[in-house]
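Biologist: Mind walking me through this one? I'll ask, you reason it out.

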Amino acid sequence: MNRYKDSINELNEWELRILLNELINEAEASSDSGKLLQAIDDRIAEARSKREEIERLQRHVHIVFSLSDAGSLKVALSQIGRRHENKVVAFNDLFSIGPIKHLEQPEGQRNRQRWMLDRFSPFRVLNDRNRESQLDHMIEEIKAIPQEKCIIVWCSDNSHDQTGVRLVMHLLKDRQQPVQLVNFSESLRDMTVPPIAQAYVDPEVYRDMVSNYENARHLSSRERQQYMAEWEELSNSDYELRLWQGGEIKGSEIEAIDGIIVSAAVSAVQESGDEEGFVKAGTVVAKVFEHFNQVIGDGFIEYRMWSLISNGVFEFRGLPGALYQYSIKLG
């Protein structure tokens, strides 16, 4: 039996769902399926009852904009002994890139998904995982948060988080109860370099902030209305790249960072001293982030890099598919 347990533990959640559905189908087709199907029904009812009891105890719902942020928040809540009374939900997306026009509607979601599938090869696999964090599920879950739950949104000053905040405020437009907000960049603005994302916050400082979550700032009605109005503006635009500039989300053309990528490549080649002028693609991406204080993802930079290769700006050698497998140089 241990062999089966070990094999099950190795499976992802989506693989377990497929396996369970196949077993149910086989059980229904069997001539002696009654006891097994009844056992499945009992276990499902038991699991549902436990989930409802857990949700009843969770007085606070925390909304974050990445799975890594969610993991850090769950750990911090556990460390302060408050995990059982807090639910953490997370988007598994990157709102700084791609179309977001009418994203709260199914057609807008399909349009975004098509755009991502056409440009990022790993997207299909990633989109099948962490189903509870996918866009359509998160939209419905946020709209369904009960009024008696306290909502706390965690963000920083970057176009991904800030676009997400505006989407969340739109989804909560009918909510009568207050919404609280923790902005790391604002809370830590006295630092020499305020963090542009949660990942840049010192762990000790972060845990202290989480310990104080119940005192997070309540958004005024006017602030919520402003966020909703800004979402309407974003949602009606056709921009496929959003940057955080001057304290605002700025829609930009998709080619806006191409010049930065070229400059990064030139700098990386000069530092490497390679006689042929080639440098690892991953080195160029790292160099972009050294001088470009935005949250847009290395996948987007690589996508633009390949557009520059297609246009003859760069040459490449090696194996496409992973940043460490190929090198580029100016054409």
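Biologist: Which residue caps the N-terminal end of H8?

Modeller: Bear in mind that this is a predicted model. Look for a side-chain oxygen close to a backbone nitrogen: there is one 3.1 Å from the backbone nitrogen of His-160. The helix itself covers residues 159-171. The oxygen belongs to the residue that caps the helix, Asn-158.

Biologist: How far does H8 reach from its first C-alpha to its last?

Modeller: H8 has 13 residues, and the expectation at 1.5 Å a residue is 18 Å. The model comes out close to that, with a reach of 18 Å.

Biologist: How many of the residues of H8 are buried?

Modeller: Thr-163, which sits in H8, has 0% relative accessibility and so counts as buried. His-170 is in H8 too, and at 9% it falls under the 20% cut-off, so this residue is also buried. H8 is largely enclosed by the rest of the structure, because the buried count is 13 of 13.

Biologist: Which residues does Thr-163 contact, leaving aside its neighbours within four places in sequence?

Modeller: Thr-163 is buried at 0% relative accessibility. One long-range pairing to note is with Phe-65, 98 residues away along the chain, where the C-alpha atoms are separated by 9.8 Å. With the sequence neighbours set aside, the contacts of Thr-163 are Phe-95, Ile-100, Trp-231, Leu-234, Arg-242 and Ile-249.

Biologist: And His-170, what is it in contact with beyond those neighbours within four places?

Modeller: His-170 lies in H8 and has 9% relative accessibility. Its contacts, again without the neighbours within four places, are Glu-104, Met-228, Trp-231 and Glu-232.

Biologist: Over to the loop between S2 and H5: is Gly-98 buried or exposed?

Modeller: Gly-98 is in that loop. It touches Arg-112, Trp-115, Tyr-239, Glu-240 and Arg-242, not counting neighbours within four places. Ile-254 is 156 residues away in sequence, yet the two C-alpha atoms are 9.0 Å apart. The relative accessibility is 0%, so Gly-98 is buried.

Biologist: What is the relative accessible area of His-102?

Modeller: His-102 belongs to the loop between strand S2 (86-90) and helix H5 (106-119). Its phi is near 50 degrees, which is positive in a residue other than glycine. His-102 counts as partly exposed, because its relative accessible area is 30%.

Biologist: At what angle do the axes of H12 and H13 cross?

Modeller: Two packed helices are described by the angle and the distance between their axes. Here H12 (residues 258-272) and H13 (residues 281-291) have axes that come within 8 Å. H12 passes H13 in a right-handed crossing. The angle is roughly 115 degrees.

Biologist: How many nonpolar residues are in the contact of H12 with H13?

Modeller: From H12 come Ile-260, Ile-261, Ala-264, Ala-265, Ser-267, Ala-268 and Glu-271, while H13 brings Thr-283, Val-284, Lys-287 and Val-288. Split by class, 2 are polar and 2 are charged, and the nonpolar count is 7.

Biologist: Zooming out, what share of the residues in the protein chain is buried?

Modeller: The chain has 14 helices and 10 strands. Among contacts with a separation of 6 or more, 68% join residues 24 or more positions apart. Of the 331 residues, the buried share is 42%.

Definitions and conventions:
Residues are numbered from 1 along each chain as its sequence is written. This is a predicted model: local features need pLDDT of at least 70, side-chain atom pairs count only at pLDDT 80 or more; totals for chains, interfaces and linings use all residues. Side-chain values use heavy atoms; hydrogens and water are left out. Helices (H or I, at least four residues) and strands (E, at least two) are DSSP runs, numbered from the N terminus. The expected span of a helix is 1.5 Å times one less than its number of residues. Buried means under 20% relative accessible area, exposed over 50%, partly exposed in between (1.4 Å probe, protein chains only). A polar contact is a pair of N or O atoms within 3.5 Å; within protein, one must be able to donate a hydrogen and the other to accept it, and residues adjacent in sequence count only if both atoms are side-chain atoms. Axes are lines fitted to C-alpha atoms, for helices over the stretch in contact, and angles run from 0 to 180 degrees between N-to-C directions. A crossing is left-handed if the near helix is turned anticlockwise from the far one by less than a right angle, and right-handed if clockwise. Contact means heavy atoms within 4.5 Å. Ala, Val, Leu, Ile, Met, Phe, Trp, Tyr, Cys and Pro count as nonpolar, Asp, Glu, Lys and Arg as charged, and the others, Gly among them, as polar.
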